[in-house]
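The exercises below are meant to be worked through with the sequence and the model open side by side. Try each task before reading its solution.

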Amino acid sequence: MAYNKRLDGRKFDETRKMTAKVGVIPNADGSAMFSFGDTVAYAAVYGPKQLHPQHMQNPEKGLLRCNYSMLSFSVSDRIRPGPNKRSTEISKVSEWALNPSVLINEFPNTVVDVHISIPQADASTRCAGINAAALALAHAGIPMSDMIASVSIGKMDTQLVVDVNKAEEDYEEGEGATDMAMSFMNKSGKLTHIQLDGKISAKELAEAIKLGRQTCKKIYEVQKKALKEIREEKN
Amino acid sequence: MIKTSNLTKNRIAEYLVHGKRFDNRKADEFRDIVIECGLSKKAEGSARVKIGKTEVWVGVKMEIAEPYPDSPDKGNLMVTAELLPMSNAKYEYGPPKFEAIELGRLVDRGIRESKYIDFEKLCIKEGEKVWGIMIDIYSINDDGNLLDAAFIGALAALKEAKMPFYDEKEEKIYYEKPTKEKLPLTDNMPINFSVHQIEDTIFFDPNTEEEAAAEGRLILAMIPGNPPKICSMQKGNTLQVSHEKFVEMLEFVDKKYKTFYSQINKLIDEAVKKKKE
């Protein structure tokens with residue numbers, strides 16, 4: 001049966017309800033929360049600060065370092081604390097997604113640490129994480145050439161959909177589910193991150209990227225709004 | 001990151017001798033406490049606790065496990081704490097350090113010894129199958145006194161938790177179909193106190209600076225009773241305590257116990273109720 005109606009009743013090009021808040025972790029230099037429905041991500045930025053050990057310092061460059069982790073109770077089957085292969089890869093991919101717009105080399109010898117935590121997951125966690133991280137970097141006042149927004153585009157059987165949730169990720173009918181996480185720079189429209197699991201033709205993929213780009217423009221509006229209403233903890 | 005200077009430490013001590021603190025609190029006064037339940041729908045129970053700027057997240061997950069050989073008819077409890085680098089620049093990634101291990105141990109001890117959880121009711125088949133409760137604690141913003149926040153968070157998460165549905169035939173847990181059944185909890189809800197000492201003065205709920213200035217702490221959990229009973233204790237750091245000082249600390253806790261117990265109990269009940277609505 002063709003996927004002609006989404007499992008949760010959304011329109012094909014509709015994201016789940018998005019919320020974004022800036023300034024959620026007072027100790028950090030910058031912090032933010034971003035959610036797609038039940039998928040919630042928190043990000044905190046510390047830096048720029050001296051990079052240790054010293055031999056890693058580069059007098060021409062700064063370093064952007066991301067760490068993504070899902071909290072043990074963010075999914076039904078408890079995750080053992082500590083890094084695993086999946087979180088290690090997503091950390092790096094998030095770093096690559098953000099790096100092109102962060103003017104990190106303005107801060108030679110230093111590091112900017114981005115910590116991403118997922119307290120509740122319902123698929124698309126890396127996208128929510130990247131959205132929160134971009135907000136936190138902006139909140140920390142790290143110079144950026146552009147804002148980054150991230151979304152997952154799915155293909156359920158032959159139908160393209162925006163912002164895949166867990167139930168859709170597990171869709172098995174017809175051609176099954178293809179999940180494409182992607183991130184774009186807002187002004188330039190350039191792609192800074194893409195990952196794909198599933199099967200899809202080149203033509204459909206080009207279509208998916210177009211849809212991702214359109215959606216990221218909407219996400220950017222949510223990010224911009226959150227940055228304008230910065231919520232600082234009362235002292 | 002700059003550590004608290006000796007100058008600040010001395011000033012904190014000087015203030016406390018006169019019963020004063022930088023933020024105008026009294027020695028036995030806590031910062032504002034906020035409790036919210038239902039942090040993660042994927043947890044059986046979860047809570048976010050703020051004490052002042054300190055924020056801790058706690059989740060309860062349950063699984064089917066084998067009982068320990070020395071308690072074949074009792075459920076298991078495991079408490080793990082992680083001090084996230086997100087919560088303070090002083091924390092780093094890597095295997096858990098002493099601070100994180102101690103935090104988990106202290107919460108574990110207080111809850112286990114209070115008999116707040118009726119472990120016998122968590123037995124499914126003696127010697128073979130029991131429920132295991134796993135409490136995970138994460139620091140989100142560390143501004144001192146993570147322990148009391150984590151302890152309160154664990155209580156709130158336990159109280160909010162619902163048993164997941166277990167299909168005995170299939171031997172499978174359906175987490176997405178929680179039952180209406182609560183965890184088997186008793187009336188012995190423990191309350192944790194961390195008494196900190198600087199020079200000759202004692203106080204509750206240190207912020208980061210005060211925590212750094214403290215010479216040591218006496219940690220104890222208490223359960224209701226007439227009089228209330230102490231169910232776990234640990235002295236931290238190389239602090240030396242005279243008999244008189246020790247008695248003074250116990251009196252300090254005893255005086256605070258009743259109001260603090262009702263305050264926490266009320267906040268947790270409100271948070272659980274609010275989540276249901």
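## Exercise 1: the surface and charges of chain A

Chain A exposes about 10700 Å², and carbon and sulfur atoms supply 51% of it; these areas come from the Shrake-Rupley method with a 1.4 Å probe, and for residues only the protein chains shown count as cover. This is a predicted model, in which local features need pLDDT of at least 70 and side-chain atom pairs count only at pLDDT 80 or more, while totals for chains, interfaces and linings use all residues. Residues are numbered from 1 along each chain as its sequence is written, chains are lettered from A and ligands numbered from 1 in the order in which they are written, and side-chain values use heavy atoms, with hydrogens and water left out.

Task: determine how far apart the centres of the positive and negative side chains of chain A lie.

Solution. Count Lys and Arg as positive and Asp and Glu as negative, leaving out His and the chain ends, and place each charge at NZ of Lys, CZ of Arg, CG of Asp or CD of Glu. Chain A then has 31 positive and 29 negative side chains, with the centres of the two sets 3 Å apart.

## Exercise 2: the overall form of chain A

Task: compare the radius of gyration of chain A with that of a compact globule.

Solution. The radius is taken over C-alpha atoms, and the globule rule is 2.2 Å times the number of residues to the power 0.38. For 235 residues a compact globule would have a radius near 18 Å, and chain A has 18 Å, which agrees. Along the principal axes, its C-alpha trace spans about 60 × 35 × 35 Å. Buried residues, meaning those under 20% relative accessible area (1.4 Å probe, protein chains only), make up 53% of the 235 residues.

## Exercise 3: a loop residue of chain A

Task: decide whether A:Leu71 is buried or exposed (exposed being over 50% relative accessible area), and find what it touches.

Solution. First locate A:Leu71 in the loop between strand E4 (63-70) and helix H1 (85-98) of chain A, where helices (H or I, at least four residues) and strands (E, at least two) are DSSP runs numbered from the N terminus. Next, because its relative accessibility is 0%, A:Leu71 counts as buried. Finally, take contact as heavy atoms within 4.5 Å; leaving aside neighbours within four places in sequence, A:Leu71 is in contact with A:Ile79, A:Ser117, A:Ile118 and A:Pro119, and also with B:Trp57 and B:Tyr138.

## Exercise 4: helix H2 of chain B

Task: check the length of helix H2 of chain B against its expected span, and identify what covers its buried residues.

Solution. The expected span is 1.5 Å times one less than the number of residues. The 17 residues of this helix (residues 98-114) should therefore span 24 Å, and the end C-alpha atoms are 24 Å apart, which agrees. Its buried residues include B:Ala100, B:Leu103, B:Val107 and B:Asp108, and their cover includes strand E4 (76-83), strand E6 (129-141) and helix H3 (146-160) of chain B.

B:Asp108 counts as buried because its relative accessibility is 15%, and beyond four places in sequence it is in contact with B:Leu77 and B:Val79. From the side of strand E4 of chain B, which holds B:Leu83, the picture can be checked again: B:Leu83 touches B:Ala100 and B:Leu103, among others, and is itself buried, with a relative accessible area of 13%. After the helix comes B:Lys115, whose phi is positive, near 60 degrees.
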